[in-house]
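Thanks for coming, everyone. I would like to take you through one structure today, going slowly, and I will begin with how the protein chains meet before turning to the DNA.

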2 protein chains.
Amino acid sequence: MHEELRLENQLCFRLYAASRLMTQAYGPFLAKLGITYPQYLVMMVLWEQDAQPVNDLAKRLHLETNTVTPLLQRMEKQGLVIRKRGKEDGRQVIVSLTAKGRQMEETAADVPREVASRMVCSRLTPDTVPELFATLDELIRTLE
Amino acid sequence: MHEELRLENQLCFRLYAASRLMTQAYGPFLAKLGITYPQYLVMMVLWEQDAQPVNDLAKRLHLETNTVTPLLQRMEKQGLVIRKRGKEDGRQVIVSLTAKGRQMEETAADVPREVASRMVCSRLTPDTVPELFATLDELIRTLE
DNA sequence: TACCTTTGTATCGCAAACGATATAAATAAA
DNA sequence: TTTATTTATATCGTTTGCGATACAAAGGTA
């Protein structure tokens, strides 16, 4: 038996499981807004900074553009964003929020708190969370 | 601007990004074995305990059976596992390793070390990793 | 100008991942 | 025993996610 191959010894599996369960935890709240979890991430990026090229959105989310493009196409069909060719650089596609997309920010502002309330852990306190964030941030920087 | 909606303040996004980047880190090594990352997880479960019903595999991986079934069908097509109806309970499908699947464990034993070597972080030490594991484990227990 | 390379998006194909639903076997209830 | 319910898998449709590839715009270079 190879101890290093035990599921319980894997960081990768914990991240994989935690990530999917976290996505599921957001599901019911995002369903009320009519969006999915990756779409929610795109919206957060745009609420923070509107009118960005596809490339910048993808980089921010650590995704490939061939993942983001169809995602944005679906969001455009739903009337959340519009996509326009860049004026200076005709290769770029600038993604901007519609009025509907901007309005959604108000409703969405409650979501993080609602999810957090279902996620009370003894090990996730104002003391320990910054440490966890820093560790994950370093891991992400190292892997990308 | 809603501070709680900033991407940088989200645990969910860090887990999402870290999980995908981790999967990508395994990619090249698993490609040599001819399997994908979720398939690798299934193999780890079976190396630990062979001949399990689909349901147990799914529970162990925190996945739905409708995700695991097609995964196993692809693995069966590749000759890594075989699926047989249970004798006592005809509803169950028992998944077992083939000789090829068992042999793969030897080659795979190097994978965790190879990935770890590309993942050296100042915040991921023998001291801090148990703490991180415990936090993620509690989070997973809370969310499931 | 003509040609080559780089850059930014998009298209295609495949493997997850999951909700909704279907199906058959096992179990409980009548 | 017949009927109803639960349980274990499987099927279907949609959304992600990514590698490989295509393609057009932009930027060199000769």
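Between chain B and chain A there are eight salt bridges, and I should say at once that this is a predicted model, so please read every value as computed from it. One of these salt bridges joins the side chains of B:Arg60 and A:Glu8, with 2.9 Å from N to O. Across the same interface of chain B and chain A, 20 residue pairs are in polar contact.

Which helices does chain B bring to this contact? Helix H1 (11–33), H2, helix H5 (99–108) and helix H7 (129–143) of chain B each give at least two residues to the side that touches chain A, and H1(B) provides the largest share, 14 residues. When we sort that side of chain B by residue kind, we find 37 nonpolar, eight polar and 15 charged residues. In total, 60 residues from chain B and 59 residues from chain A take part in the contact, and the area buried between the two chains is about 6,200 Å², with 69% of it from carbon and sulfur atoms.

Now to the DNA. Strand C is surrounded by 27 residues, and among the closest are A:Tyr16, A:Arg20 and B:Thr36. Which part of DNA strand C lies within 4 Å of the protein, mostly sugar and phosphate or mostly bases? Of those atoms, 73% belong to sugar or phosphate, and the rest to bases. Polar side-chain atoms of B:Thr36 and B:Gln39 lie 2.7 Å and 2.8 Å from a phosphate oxygen of the strand, respectively, whereas one of A:Arg91 lies 3.1 Å from a base oxygen.

Conventions:
Residues numbered from 1 in each chain as written. Chains lettered and ligands numbered in written order. Predicted model: local features only at pLDDT ≥ 70, side-chain atom pairs only at ≥ 80, totals over all residues. Heavy atoms only, no water. Near = heavy atom within 4 Å. Polar contact = N/O pair within 3.5 Å; in protein donor to acceptor, adjacent residues only side chain to side chain. Contact = heavy atoms within 4.5 Å. Buried area = accessible area lost by both parts, 1.4 Å probe. Salt bridge = Lys/Arg side-chain N within 4 Å of Asp/Glu carboxyl O. Helix = DSSP H or I, 4+ residues; strand = E, 2+ residues; numbered from the N terminus. Nonpolar A, V, L, I, M, F, W, Y, C, P; charged D, E, K, R; others polar.
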